[in-house]
Amino acid sequence: MAKGLYPTLCFALMGAAVPAFAQSSRITENLTAFQTTLNGQPLRIARSGPVCPPSCVTPMQAASGVATVGELEVLDFLELFVSEGRGLLVDARLPEAFSTGTVPGAVNVPASTLAPENPYRDDLLEALGVRSGDFSGAFDLVLFAGGADDGLAAAAVRNLLDAGYPPTKLKFYRGGLKAWDGLGLSLAAGQ
């Protein structure tokens, strides 16, 4: 391939791959599009699809000290923690979204219920194993939401950290339901 033809070909292919119904959207709240140069040619990456905000691309790491995991680690977590009663796989989406389908074994704890302004947050933390501010018996948690463009799981992680939850007891499954379903893994009806 001739030097400099690759970026031109990519632009042509990228233009053809955008669905007719897609709408222009921001990548993040502060990034409309990404621009740089590659081999002396302009390179621009834009986004089409759900409107940002609220559907913005999220960082790979939800918070400092909180591990980001993939599908195989979620399966290990289900076997080693959830099946042993030591952990919970948490779907941080709203109940309406949870009821349409979720990762098998997940429980629904909407991110908004973990916010400091929720007067029942302490009751919820107690249900997660926190006793009078003591997190030593708290469940290990893997939190996820709709996907890499859904900030609910990251918000839930930050709310838990703000409440004192140890980062070592939290994991972030950034790919969420979109990645899980996209790989053809089983879904369960949320209850």
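K169 and D140 reach across to each other with their side chains and meet in a salt bridge, at 3.7 Å from N to O. This pair links distant parts of the chain: K169 sits in the loop between α5 and β9 (170–172), D140 sits in strand β8, and 29 residues separate them in sequence. Both K169 and D140 are buried. Keep in mind as you look around that this is a predicted model.

**Salt bridges**

- How many salt bridges does the structure hold? The count is 4, and the K169 and D140 contact is one such bridge.
- R47 forms a salt bridge with D149, and their closest N and O atoms are 3.2 Å apart.
- R47 belongs to strand β4 (residues 47–48), while D149 is in the loop between β8 (140–144) and α5 (152–162), so this pair ties together parts that are 102 residues apart in sequence.
- Is R47 buried or exposed? R47 counts as buried because its relative accessibility is 13%, which falls under the 20% cut-off.
- D149 counts as buried too, with a relative accessibility of 12%.
- The story doesn't stop at two residues: R47, D149 and K178 are linked in a network of salt bridges.
- D91 and R93 also meet through their side chains in a salt bridge, at 2.7 Å from N to O.
- D91 is buried, and R93 is buried as well.

**Aromatic rings**

- The structure holds 4 aromatic pairs. One of them is F77 with F81, a stacked pair with 5.1 Å from centre to centre and 15° between the planes.
- Where do F77 and F81 sit relative to one another? They are 4 residues apart in helix α2 (residues 71–82), so about one helical turn separates them.
- F77 counts as buried, at 4% relative accessibility, whereas F81 counts as partly exposed, at 22%.
- F135 and Y165 have ring centres 5.5 Å apart and planes at 75°, so this pair is edge-to-face.
- F135 lies in the loop between α4 (121–127) and β8, and Y165 lies in the loop between α5 and β9, so the two rings tie together parts that are 30 residues apart in sequence.
- Both F135 and Y165 are buried.
- Elsewhere, ring pairs link F144, Y173 and W180 into a cluster.
- F81 has a charged partner as well: R86 lies over the face of the F81 ring, at 4.5 Å from the ring centre.

**The nonpolar core**

- The largest nonpolar core contains 25 residues. Which of them touch the most other members? Those are L141, L143, V157, L160, Y165 and L170.
- You can spot Y165 here again, as it also forms the edge-to-face pair with F135.
- Each of α4, β8, α5 and β9 supplies at least two residues of this core.
- Helix α5 gives the largest share of the core, with 5 residues.

**A nonpolar patch on the surface**

- Now for the outside: L31, F34 and I45 form a nonpolar patch on the surface, and together they have about 230 Å² of accessible area.
- L31 is found in the loop between β1 (24–25) and β2 (34–38).
- L31 counts as partly exposed because its relative accessible area is 31%, and the partly exposed class runs between 20% and 50%.

**Two residues with positive phi**

- Here's a bit of backbone background: most residues other than glycine have a negative phi.
- N39 has a phi near 55°, which is a positive value in a residue other than glycine.
- N39 is in the loop between β2 and β3 (41–45), and at 57% relative accessibility N39 counts as exposed.
- S132 also has a positive phi, near 50°, and is a residue other than glycine.
- Where would you look for S132? S132 lies in the loop between α4 and β8, and S132 is exposed, with a relative accessible area of 85%.

Terms used
Residues numbered from 1 in each chain as written. Predicted model: local features only at pLDDT ≥ 70, side-chain atom pairs only at ≥ 80, totals over all residues. Heavy atoms only, no water. Patch = residues over 30% accessible without salt bridge, like charges linked within 9 Å, V, L, I, M, F, W, Y side chains within 5 Å. Areas by Shrake-Rupley, 256 points an atom, 1.4 Å probe, with all protein chains shown as cover. Buried < 20%, exposed > 50% of the residue type's maximum accessible area, 1.4 Å probe, protein only. Phe/Tyr/Trp six-rings, centres within 6.5 Å; stacked < 30°, edge-to-face > 60°. Lys NZ or Arg CZ within 6 Å of the ring centre and 35° of its normal. Core = buried A, V, L, I, M, F, W, Y, C linked by side-chain atoms within 4.5 Å.
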